[in-house]
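Colleague: Could you walk me through one part of this model up close? I'm new to this, so plain words please.

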Amino acid sequence: MDTFKAYLLEKAGDAASGAVKELSMDRLPQGEVTIRVHYSSVNYKDGLAALPVSPIVKSYPFIPGIDLAGVVEHSEADGFSPGDPVLVTGYELGVTHYGGFSQYARVPASWVVPLPEGLTMLEAMALGTAGFTAALSLAALERNGLQPGDRTAPVLVTGATGGVGSVAVSLLAASGYRVTASTGKASEHDYLRQLGADSIIGRDELRPADGKPLRRELWAGAIDPVGGEALAYTLGTIRYGGAAAVSGLTGGAAFAATVYPFILRGVSLLGIDSVGCPMAVRQEVWSKLASVWKPISYLNAGWRMIGLPALPEALERIQKGQLRGRVIVKLWDDI
């Protein structure tokens, strides 16, 4: 095939916009592995990339999409052969390197993860960076001492109807934890219960006005892809020795807090990074997502599929915080 379709961002004047374009194969960047992309997915970072003035994209034209799954078309690296099912998330994909909203992608071999047995390409993209981040968060909490199946106190999940939050609720419930899901969307309570949430609280309950640094110990731990002002309340309500795994900033990058949760209760703040995560950890976590951590309730209910033409609407909705769960992008009609 000499040409392929991709969602291309181009700049005119001071603003960029995107459209589906037909491109030639020589437009692909350098890399040892060329992949026929079957599926990608829509992430918050993709929404930022698609803004008219993007804080992420530094040069145009550009193909966004920080996730992809497909089959190897051609490889110049040992370990990959044509037809191998693979996935790519993180690194510079969809940030400085052409990404997954494209029927073909070419990437460095060091970014490519063989698709683990027990996971389809569709399931891999239903999880994507969001699911991988949720699993990294659970792994960090358990390394900090959270015990599988511990039901003495619930684990709090903020932003629970988003991509990371939805997978986190399902993962925790499947691992035997009690889950309290926080959301500002009253219409989505049934969805969260379907994923496995034991209880649901409103987003505003995490932002009390009195600013107390410590409160009653409520949570065994927390998975927080939101950040912002609610993080201070979360830290002040985690039980002794617990932790909050923080991976996002949809609620803001800054938060006002004190040292009291850390020095009086031994609470830990765990930073979760899915971009530069070492390959050995990637493979281990993806293998768990394909087996013992496979979030069945989420995979049965937490995603929907679109084609490239519907991508602009999905990107606009994720920019506004209006998406529930995950949106998968199907790149070919015949798969």
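**A close look at the largest pocket and helix H2**

Modeller: Let's warm up in the loop that runs between H1 and strand S4 (67–75), since that is where Pro61 sits. The peptide bond leading from Tyr60 into Pro61 is cis, and its omega is near -5°. Keep in mind that this is a predicted model.

Now for the pocket. The largest pocket holds about 1,100 Å³ of space. It is lined by 48 residues, and Tyr44, Val164, Pro225, Gly248 and Thr250 are the closest to its centre. Several elements each give at least two residues to that lining: helix H1 (44–49), helix H2 (121–143), helix H3 (163–174), strand S9 (179–183) and helix H9 (311–319). Sort the lining by class and you get 20 nonpolar, 22 polar and six charged residues.

Let's zoom in on H2. Of its 23 residues, 20 are buried, so call this helix mostly covered. H2 also has a kink of about 70°, centred on Gly128. Check the end C-alpha atoms too: they are only 29 Å apart, while a straight helix of 23 residues would span 33 Å. Just after H2 comes Gly145, with a positive phi of about 125°.

One more backbone spot: Tyr91 isn't a glycine, yet it has a positive phi of about 55°. You'll find Tyr91 in the loop between strand S5 (85–89) and strand S6 (104–107). Is Tyr91 buried or exposed? Its relative accessibility is 18%, and the cut-off for buried is under 20%, so Tyr91 counts as buried.

Technical notes: Residues numbered from 1 in each chain as written. Predicted model: local features only at pLDDT ≥ 70, side-chain atom pairs only at ≥ 80, totals over all residues. Heavy atoms only, no water. 1 Å grid on protein atoms, 1.4 Å probe; cavity = no way out; pocket = protein on both sides within 12 Å on 5 of 7 lines; lining within 4 Å. Points joined across faces, edges and corners; volume = space filled by probe spheres on them. Helix = DSSP H or I, 4+ residues; strand = E, 2+ residues; numbered from the N terminus. Nonpolar A, V, L, I, M, F, W, Y, C, P; charged D, E, K, R; others polar. Expected span 1.5 Å × (residues − 1). Bend = angle between axes of the 7 residues up to and from the residue. Buried < 20%, exposed > 50% of the residue type's maximum accessible area, 1.4 Å probe, protein only.
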